[in-house]
Amino acid sequence: MIRKLFKQMVISQVASAMSVMVCMVVDSIMIGKFLGIEAMAAYGYANPVLLFFVAFGSLLSTGVQVVCSKAMGIGDDEKINRCFSLSVVVGMTFSLLGVLAVVIFINPICEMLGAEPGTEVFRLTKDYLLGFIIGAPAFTAAQILIPYLQMSGQRLRLVAAVITMAVLDIGLDILNVTLVKMETFGMGMASTISYYGAIIIGVTYFFKKSCIFKFSFKNLGNGLPKEIFLGGFPTVINQVSIVFLVLLVNNVMTDISGEIAVAAYSIVSTIANLGYCIGNGISEVTLMLTTISYNEEDTKSLQEIIKEQTRSSIVINLLAIGLLVIFSKPLVTLFVTNNPAAMDDSLMGVRLVALCLVVNSINAAFKKYYQATERVHFSESISVAQNFIFPATVAIVLGHLIGVTGVWFYPLIGETLTLVYITIYVKIVSKKKFASLESYLCLPEGFGVPPEDALEIQITSLDDVEGAIEKVHEFCSERGESVKKDMYTALCIEEMAYNIVQHGFEEGRDNCIDIRLTDKSDEMLIRIRDNCKGFDPVKYFEIHKVDSDDPTEHIGIRMVFEMVKDVKYVNSLGLNCLTLTV
């Protein structure tokens, strides 16, 4: 199920990752095409402020994924709802304060970004920031709500929100440059309105009765803010590294070739960011699935995740590289046509930067994998190496040696050196065969259960249930389990599996039940995960355990709940997940 789920999630997550970038791309195209090279440079100067809000949104978004995925792994619904409530309150408070700060200190902010006071570029930078910052609450909310929509299986809603945002932004940008003519302020406002349009579509889910998240002002503290912050802090390190890299490359480009080079860098970065969305999407799926599997101590699933993240990174990004190289000229001409120097620099930059996409995606996925497996400091060091140390060194050295062309090599060389760094680290720590799957897993000694103490079963039809029960009996017999434990374990799986097949399977759907049975000391742990109709047996049992005098009514669930020591249910990633302890 991991491979299938990974593929399903990557599509919507890549689209979600692009949600931040689509408006920026459209703005950049319209600015370069209709407002001129000075407006394009102003857009480039404004980027660090936009990235600052991205950094905070990413802090909450990643922290939410880590905390909620851990809670899902142990079936803690209360913690999931507390996390949801706290992230909404903090996100809205921060974004409103951010709007106020930028509006009040707009002039010194523009000067700090590198725009010279009194120039046309300074005015255009200021106008763009003022137009864009009004949308900060929606911009931040989008980043926070994306993981919740993903966790609740609302992938089509995510795609619909992204499409709505893109259509609104394109339409409003065209309106601005043809009729309204409010220059960069109008471009920023177009992004603002489109973000609010996307949020309206996304947020409607959270008002539905079927929403699995419940908002409340109660119990927002109790260590949860710190846990979210620590979970998201590696992403802050990542984003801060990117901000410093953008500032440094802007300065290098200014020294080498002035505002034309800065404008070219802005164009190349904007196009490249669309490609980077693939790696970002894959890495976010990796983070979510790895956190759940790691807390379940499911080594086999972790192996599947690494295989799938690598396979997806190679296949999808090879296609992206081909498209970027083939269509580099048409893409660049969308941004600029009347400045040959800027166009030549941009073409060279797009073609060279495109070559780094495969290794960038692999590095991004490993970074999230190691964060989820509690190697947080290693994950943070990857961010700094990938997004500042290696690329900054290359940009400075090659930029001053061979000019603008030398700067464009920084992504490819920087990403390659980062992958070498990861490989050397895991070899040293894991002490496994160099560059093997086992070395990249990098799991602590004694993690999980030995393969012989775990049984994996997949059920896709009623006929599979009987075969599954035979495997359970064989598994228990090989381990010398008592007749009573053998019987209880088999009955629990049989009853719940039959119930899911009979009442949860839907016609025309790829229905599947994944069962994982692990023998842990004196307990049998049964995890039943399915992609069928949503059903909470724990809540069902609580509602019906005393509503009838007929002892045979709801007898199956009653029998299971009386046989087990503990039972937990959680709906995660649109899947039912029931854990029984025998």
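Modeller: Contact here means heavy atoms within 4.5 Å, while helices (H or I, at least four residues) and strands (E, at least two) are DSSP runs numbered from the N terminus. This is a predicted model, in which local features need pLDDT of at least 70 and side-chain atom pairs count only at pLDDT 80 or more, whereas totals for chains, interfaces and linings use all residues. Residues are numbered from 1 along each chain as its sequence is written, and side-chain values use heavy atoms, with hydrogens and water left out.

Colleague: Which residues of helix 11 meet helix 12?

Modeller: Leu323, Leu324, Val325 and Ile326 of helix 11 meet Ser328, Pro330 and Leu331 of helix 12. By class, this contact has 6 nonpolar, 1 polar and no charged residues; Ala, Val, Leu, Ile, Met, Phe, Trp, Tyr, Cys and Pro count as nonpolar, Asp, Glu, Lys and Arg as charged, and the others, Gly among them, as polar. The axes of helix 11 (residues 299-326) and helix 12 (residues 328-335) come within 4 Å and cross at roughly 65°, where axes are lines fitted to C-alpha atoms, for helices over the stretch in contact, and angles run from 0 to 180 degrees between N-to-C directions.

Colleague: What makes strand 1 and strand 4 the edge strands?

Modeller: Two strands pair if DSSP finds at least two bridges between them. The open sheet has 5 strands in the order 1-2-3-5-4, with antiparallel pairing. Strand 1 (454-459) and strand 4 (566-572) each pair on one side only, and are therefore the edges.

Colleague: How many bridges join strand 1 to strand 2, and how many pair strand 2 with strand 3?

Modeller: There are 6 between strand 1 and strand 2, and 8 between strand 2 (residues 513-520) and strand 3 (residues 523-530). Both counts meet the minimum of two, so both are pairs. Among the opposed residues, Gln458 has Asp514 as its partner, Ile513 faces Asp530, and Asp519 faces Met524.

Colleague: Why is strand 2 called largely enclosed by the rest of the structure?

Modeller: Buried means under 20% relative accessible area, exposed over 50%, and partly exposed in between (1.4 Å probe, protein chains only). Strand 2 has 7 buried residues out of 8, which is why it is described as largely enclosed.

Colleague: What makes Asp298 and Arg516 a salt bridge?

Modeller: The term requires a side-chain nitrogen of Lys or Arg within 4 Å of a carboxyl oxygen of Asp or Glu. For Asp298 and Arg516 the closest N and O atoms are 3.4 Å apart, so the pair qualifies. Asp298 is in the loop between helix 10 (259-295) and helix 11, and Arg516 is in strand 2, 218 residues apart. Both residues are buried. They also belong to a network of salt bridges with Glu296, Glu456, Arg527 and Arg529.

Colleague: Why is Arg123 buried or partly exposed?

Modeller: Its relative accessible area is 30%, which places Arg123 in the partly exposed class. Its salt-bridge partner is Glu120, at 2.5 Å, N to O, and Glu120, at 33%, is partly exposed as well. The two are 3 residues apart in helix 5 (residues 120-133), so about one helical turn separates them.

Colleague: Which members of the largest nonpolar core touch the most others?

Modeller: Tyr148 and Tyr370 do, in a core of 143 residues; such a core is a set of buried Ala, Val, Leu, Ile, Met, Phe, Trp, Tyr and Cys residues joined through side-chain atoms within 4.5 Å. Helix 2 (residues 37-74) supplies the largest share, 20 residues.
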